[in-house]
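Reader: I've got the model open and a few labels puzzle me. Could you walk me through the reasoning behind them?

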Amino acid sequence: MKQKLFFVLVVTALVLTACGGGVATQAPVETEAPVATEAPATEAPATEPPAAEAKVATFIWTQEFDSLSPLYQGMWFSEITQQFWLCWAWQFNEKNEAFPYLLTELPSVENGGISEDGTQITMHLRDDIKWSDNEPLTSEDFKFTWEMFTDTKNTVSSAYPYDNITSIDTPDEQTVVINFEAPFSPWLANLWQGILPSHILRPVYDAEGTLDNAEWNLAPTVGCGPYVFDEWESGSFARFTTNPNYWGEPPKIDEIFVRFVPDDASQTAALVAGDADLGAFIPYSDIPQLKEAGMTLTTEPSGFNEGWFFRIDDKSHPAMHDLNVRKALAMAIDREAVNRDLLLGLTKVPASYWDSLPFYNDPPSENYPYDPEAANALLDEAGWVDSNSDGTRDKDGVELVLRYGTTTREIRQDLQAVAQQQLAEVGIGVEISNYDADLFFAGYGEGPAANGELDIMEWSDAPGFPDPDVYYWLCSEIATDENPAGSNWFFCDEELDALIQQQSTQMDANARQETISQINQMFHDNVYWVGMWQDPDVWAVGPRLTGVKFSGVTPFFNITEWDIAE
Amino acid sequence: MNMIMESTSPNQLVALNMEGLDTPPLTLSQLAWRRFRRHRMAMFGAIVLALLFLYSFGGSLVLSESYANHTDTSLRIMSPSAEHLFGTDSVGRDILARTIYGGQISLLIGLTAVVIETFMGILIGALAGYYGGWIDSLLMRITEAMLNIPEIFLLIVMAKFFGGKIPEIEFIGRTFSGSVIVIVVIIGITSWMYLARIVRAQFLSLKENEFVLAAHATGTSNVQIIFLHILPNSMAPIVVSATLGVANAILAEAYISFLGLGVQPPTATWGNMLDGATNYLESAPWLWFFPGLLILLTVLSINFLGDGLRDALDPRSRAI
Amino acid sequence: MIRYIVNRILQGIPLLFIISIILFVLMMNMGDPIATMGGRSITRSSDRVRLTRQLGLDQPVYVQYLYWLIGNDWAKIDLDGDGIEESNGTRRGILRGDFGTSLVNRGKPVTKVIGERLPNTLLLMVASEIIIILGSLLVGIYSALRQYSILDHTITALSFIGYSMPIFFIALLSMYLFAILFKRWGLPYLPTVGMFDPQVGKTTAQVLWHMVLPVFSISIISFAAYSRYIRSTMLEVMSQDYIRTAKSKGLPRREVVYVHALKNASLPIVTVVGLDLPLLLGGAVVTERIFAWPGMGRLFLDHVSRLDMPVVMGILLLIAVAVIFFQIVTDIVYAWLDPRIRYD
C-alpha cells in the first residue's frame with residue numbers, strides 16, 4: 001500500500017513536469033493573445049523556426065526592456081528599439097547631426113520654422129506617412145502625444161520636455177504649431193522621440209481614463225517604423241518583423257530577433273560562438289576576445305563620460321571647498337594609465353564634461369596632468385600637512401579623509417582600488433563605499449549621494465546629448481527638506497547658475513556656444529568635475545552584417561540599409 | 001542547510017558505560033573525545049580546518065595587507081606563475097594574498113554570525129520551551145514565519161535593507177567596511193530558527209525531569225534553572241548545530257557576495273572573489289577556482305568535524 | 001483529520017499576515033524605486049515629484065500597506081498634484097485578488113509578470129526533485145546495504161563534498177567542464193544560456209537539453225545530503241528487531257529491504273522532501289542567474305534591484321503560501337503513512 005502511494009507520488013510528479021513543460025510551451029501563445037485583439041496577428045507561433053529564406057539578424061541585449069511605450073520606458077535598451085518599429089520626427093546620423101524623418105525639413109529661424117522670439121516652432125509633416133495598419137500619421141498624433149505625456153493620470157517616466165510646451169495647434173493635418181512658455185534651446189535633442197498612434201490609444205484613454213494599463217505599452221502591434229512588433233517573451237526574447245505597410249524604403253533584413261541574457265559574460269559567449277550578430281555595451285575586457293572571433297568593434301560617442309562629481313557645501317568635507325585640494329585630486333590619479341590598462345587604451349581621458357560635443361568644447365579644455373609632486377605641493381600650500389604622521393594630511397585637527405562612493409559595477413570598484421592607493425601616496429585618505437544603483441541614485445532622504453554622505457561621487461553621465469544642456473548644477477535644484485526632489489547634489493555657484501539658465505533660452509547657436517564655453521572654462525578652472533574615461537557606446541558587429549552605421553542618439557537610424565551577407 | 005537529529009541526555013551516556021569495566025569510568029568529555037578520535041573523517045576535518053586557519057591568519061604575517069591590496073593594472077589577469085602563485089586578478093592584485101585576507105573575513109564572518117545565531121536560537125528556544133503557553137505559541141509563530149521564507153530571499157531583502165548604512169570598524173589591526181557587520185548580522189538573523197526549534201524540543205523534554213522539579217522545590221529562580229540547570233544538559237545538539245552553523249554561515253556569505261549584495265570590494269572575501277570571476281570563466285579560471293576550492297575545503301572540513309562531534313556526543317543517532 | 005487540516009490552514013493565515021508585514025516594512029526602507037526611472041541620468045526633479053505622488057510612494061508606510069492589502073478604490077487620492085484629493089484609486093488590494101501592477105513594467109499586472117516565469121521555475125524544480133528522490137534512494141539504499149565497503153566510503157566522501165560546495169561553484173565547474181572544455185575537445189557540449197536556442201525555436205528537445213546543467217547544479221547538494229540521510233535511516237531501520245525476524249524467517253533479501261525496511265524508512269524521507277521546497281527555490285535563484293534561465297528566481301533578482309515592490313511582494317507571498325501548503329501536505333502524507341501518528 002505504501003509502495004502504491006510512493007508510486008502515485010512519483011507519477012504525479014512526472015505529470016506535473018509534463019504539465020509544467022506544456023505550460024511553458026504554451027506561454028508564447030498566451031502573450032500572442034492580446035496581439036490578436038488589436039491588429040491582424042502575425043501567424044507564426046513561437047515554436048516554428050523562421051522560414052529558410054528569411055534573413056534574421058540576432059541581437060543580444062544584457063537588459064530586458066521594461067516597457068516598449070515611449071511614455072513608460074525608462075531604459076536605453078527599450079528606447080533604441082524605437083528605430084525599428086516606431087518613428088521619431090527627426091533622427092540623427094552617424095555624426096550625430098539631425099535629419100528630418102517625419103518632417104519635410106527641420107524648422108529653423110531661416111525657414112520660418114522657429115519664430116523670432118524663439119517661443120514658437122512650426123513643423124511641416126510629410127503627407128505620405130502611414131501607421132503599420134495603413135492609417136495616416138497626422139498632426140493629430142503629435143498633439144495626442146503631447147497631451148498624453150503631460151496628463152497627470154498617466155504615470156509616465158518623464159514628462160520632459162513636453163512640460164515646457166504651453167499649447168499645440170494643428171491648423172491642418174500636416175502642420176504642427178508648438179508654443180513654448182520661454183525659448184527652449186534643447187528642443188532638437190529632446191522633442192518628438194516616439195509618436196503615439198492616437199487612433200489606437202485615444203479610445204483606450206477614453207475608456208480607462210489612463211494609458212497605464214494599455215496593452216499597446218507591452219505589445220505595440222501598431223507602429224510606423226520599418227519593422228513591426230511581433231512578440232515579446234518575458235525573460236527570453238523579442239521579435240520584430242518587416243512592416244508590410246512601411247511608407248519609406250523597405251528594410252533588407254526580414255526579421256530582428258532580440259535575445260535577453262543576464263550579464264556580459266553570456267553576451268560575449270554568445271557572440272564568440274557566432275550565435276548572434278550584434279551586441280551592445282561591450283565591456284572593454286572582452287574586446288580582444290571578440291576581435292579574435294571576427295567581430296568588428298565600433299565605438300560611438302553618445303555624450304557619456306565617467307567622472308567624479310564633487311560635493312562642495314556644508315555637508316561635505318571642509319577640504320572640498322579648497323580649490324587646491326580639488327586640483328590635487330585631479331593630479332594625483334594617473335588617469336592615462338587607468339585608460340591604458342583597465343580600458344585597454346580604447347578610450348581617452350575626457351577633459352571636459354562636453355568632451356563629446358566639440359562645437360561646445362571649443363577651444364578644448366586641457367587635462368590636468370598626472371603629477372603627484374605638484375599635488376603634494378598644492379596640498380602643502382593649502383595648509384594640509386601631516387602633522388601627526390599617520391599617513392594622511394590634516395589641518396586644524398581635521399583629517400583629510402574623503403568619502404568616495406559609486407555603484408557596484410566591477411570597473412568602478414577597480415578604479416576605486418587604484419584611486420585609493422594613488423591618493424594615499426599624496427596623503428589623502430578615502431573611505432570607499434559601493435551601493436546598488438537604485439540606492440545610489442535614490443533621492444534626498446534615502447540616497448547617500450543626495451543626502452550629502454559622499455564627497456566624491458562617481459558615475460557616467462552626459463549633457464543632453466547632442467545638446468549641451470545641463471541642469472544638475474542649478475541652484476534651484478539643490479536637494480533640501482523643502483525640495484527633496486532636487487537633482488543638485490553638488491554645490492551652488494551663482495555665476496554658474498546664471499550661465500546655465502541663460503544657455504537654455506538661447507536659440508542662436510553661436511550665442512549659446514559662447515555661453516557654454518564660459519561654463520566649460522569655469523568647470524575647468526574650478527575643477528568642478530574630473531573626467532576619468534570616455535564612455536561611448538561600444539557595439540560588437542558580427543561578420544554577417546553589412547551596411548551598419550551607428551548614431552550616438554538614434555543608434556539604428558539606418559536599419560533599413562543593414563543587410564546579411566552569407 | 002543540514003539536518004540535525006535530536007539527542008538524549010548525556011547522563012544516559014555515562015550510565016551506559018558504567019557497566020562492568022575494570023578501568024575507572026571515563027568522564028563525559030573523555031568519552032566523547034575517544035569516540036571523536038575514532039571518527040577518521042572528523043580528525044581529517046579538524047586538521048584541515050586548523051591548516052586553513054593557519055593559512056588565513058598566519059599568512060597575514062608573511063604577506064602584508066598592503067601587498068594584498070596593491071594594484072598594478074599592467075599586471076592584470078596573469079595566470080599562476082612563480083611570483084604570483086595563484087595568478088593576478090582584474091586590477092593586478094595577487095590572488096594568493098587576497099585569498100589569505102579574504103579567508104580571514106570569511107572565517108570571521110562564519111564565526112561571529114554563529115555567535116549571534118546561537119545566542120538568539122538559545123534565547124528563543126529556551127523561553128519557548130520552558131514557559132510554554134502563549135509565549136511558546138507566539139515565538140513559534142514568528143519562527144515559522146521566518147522559516148517559511150527561503151533563506152536566500154531573506155538574505156537578499158535584508159542585504160538591500162541594510163545596504164550602505166553602517167560605517168567602517170577597526171578590528172585586529174585591519175579596517176573592515178561596514179558591509180562585513182551587515183553580513184554578520186543578517187546571516188545571524190536568518191539562521192537562528194533551526195537551533196531555536198532544537199533547543200525548544202530539548203527544554204520541553206528536560207523540564208519535566210526530576211532535577212528540574214528538585215530545583216523548583218528548593219526555590220531556584222527560573223532564570224537560574226534555565227541557564228544553570230537545563231541548558232548545560234542540552235549542550236550536545238547546540239554544539240553540533242553551532243559547528244555546522246559555521247559552515248552554513250560561510251556558504252551564506254559566499255552566496256550573497258556572489259550575488260553582489262555582500263561585502264563590497266576592495267575588501268576581499270572568498271565569495272566576492274567568485275562574483276568578479278564569472279566574466280572570466282573561460283579566459284581566467286584561476287580567478288574563481290582558488291577561492292571556490294578554499295570555500296569547499298573549509299565547509300567540507302567543518303562538515304566532517306560536525307559529523308564527528310555528533311557521533312561523539314550523541315551516540316544514539318548512529319550505529320557504532 | 002479534516003479538522004486538523006482546516007486548523008492548519010487557519011493557522012497559516014495569521015502567519016501570512018506576519019510575513020507580509022515584515023517583508024513590506026523591509027521593502028519600504030530599501031531604497032527608491034524612482035531613482036532609476038531617469039534612464040541613464042538622474043531622474044529630473046519634476047518627474048520625481050510627480051512619480052512619487054502618482055505611485056503612491058508619498059504616503060506613510062502603514063497607509064501604503066493598507067492600500068496594498070485592501071486597495072484604494074474606496075479612498076481619494078491626489079493625482080494632479082494640486083494638493084486636493086479628487087480621484088478614486090483603482091486598486092482593489094491583495095485580499096480581493098489584485099496584486100497590483102509592476103512599477104518597472106508599468107501597467108503589467110503582477111500576476112501576469114509572475115505567471116509568465118513561474119512555469120519555467122517549476123520545470124526546473126520538479127525535475128530536480130524527481131532526480132533527488134530517485135537518485136538518493138538508490139544511492140542511499142545501496143550504500144546502506146554495503147556498509148563500510150570501499151564503495152560506501154567513496155560515496156560517503158563524495159556526498160560530503162557534494163553538499164559542502166556552494167551551488168554556484170558547482171554551476172561554474174559544470175559549465176567549465178561540460179560546456180567549455182567539452183567544446184574545446186570536440187565533444188558534444190551542453191548549452192549554458194537560456195531555455196532554448198532561438199534559431200531552433202522552443203521545442204521540447206531544446207528545453208530538455210538546456211535543462212541538464214541547471215537541474216544538475218540544483219540537485220547535487222540535496223542529492224548528496226539525502227543519500228547520506230537515507231543511508232543512516234536505512235541503517236537504523238535495518239538494525240531493528242523486525243528486520244532480523246524477517247531475515248530469520250527466510251524472506252528473500254530484496255523483499256526485506258524494499259518492502260519492510262524501506263516502508264519504515266520512508267517516513268523521515270517524506271518529511272525531509274516535503275520541507276525541501278525552500279531550499280530548492282533558493283538554489284533556483286542563483287542557478288537561474290548563472291544559466292540565464294527565465295524563471296522566477298531571476299525575476300526576483302531583477303525586480304528587487306529595481307525595487308519593484310508589488311512584484312517582489314507577490315513573489316515572496318507566493319513562496320510563503322507554497323511552503324505552508326507543502327508543510328500541510330507533508331503532515332497529511334506523514335500521518336497517512338504512519339498509523340501511529342494521530343492529529344487531533
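**Reasoning behind the labels**

Author: Sure. Starting with the pairing of chain A and chain B, the count is zero salt bridges. Keep in mind that this is a predicted model.

Reader: What makes a salt bridge here, and how many are there between chain A and chain B?

Author: You'd need a side-chain nitrogen of Lys or Arg within 4 Å of a carboxyl oxygen of Asp or Glu. Between these two chains the count is zero. They do touch, though: 22 residues from chain A and 21 residues from chain B take part in the contact. About 1800 Å² is buried between them, with carbon and sulfur atoms giving 46% of that. On the chain A side, A:Asp341, A:Glu410 and A:Gln421 supply 24% of the area buried against chain B, more than any other three residues.

Reader: Why is H13(B) called largely enclosed?

Author: Buried means under 20% relative accessible area. In H13(B), 24 of the 28 residues are buried, so the rest of the structure largely encloses this helix.

Reader: And how do you know whether the span of helix H13 of chain B agrees with its 28 residues?

Author: At 1.5 Å a residue, residues 286-313 should span 40 Å, and the end C-alpha atoms are 40 Å apart, so the two agree.

Reader: Over to chain C. Is C:Leu95 buried or exposed, and why?

Author: The cut-off for exposed is over 50%. C:Leu95 has 54% relative accessibility, so it counts as exposed. C:Leu95 sits in the loop between strand E2 and helix H4 of chain C, and it is one of the residues making a nonpolar surface patch of about 950 Å².

Reader: Which helix gives the largest share of that nonpolar patch?

Author: H1(C), with five residues.

Notes
Residues numbered from 1 in each chain as written. Chains lettered and ligands numbered in written order. Predicted model: local features only at pLDDT ≥ 70, side-chain atom pairs only at ≥ 80, totals over all residues. Heavy atoms only, no water. Helix = DSSP H or I, 4+ residues; strand = E, 2+ residues; numbered from the N terminus. Expected span 1.5 Å × (residues − 1). Buried < 20%, exposed > 50% of the residue type's maximum accessible area, 1.4 Å probe, protein only. Patch = residues over 30% accessible without salt bridge, like charges linked within 9 Å, V, L, I, M, F, W, Y side chains within 5 Å. Areas by Shrake-Rupley, 256 points an atom, 1.4 Å probe, with all protein chains shown as cover. Contact = heavy atoms within 4.5 Å. Buried area = accessible area lost by both parts, 1.4 Å probe.
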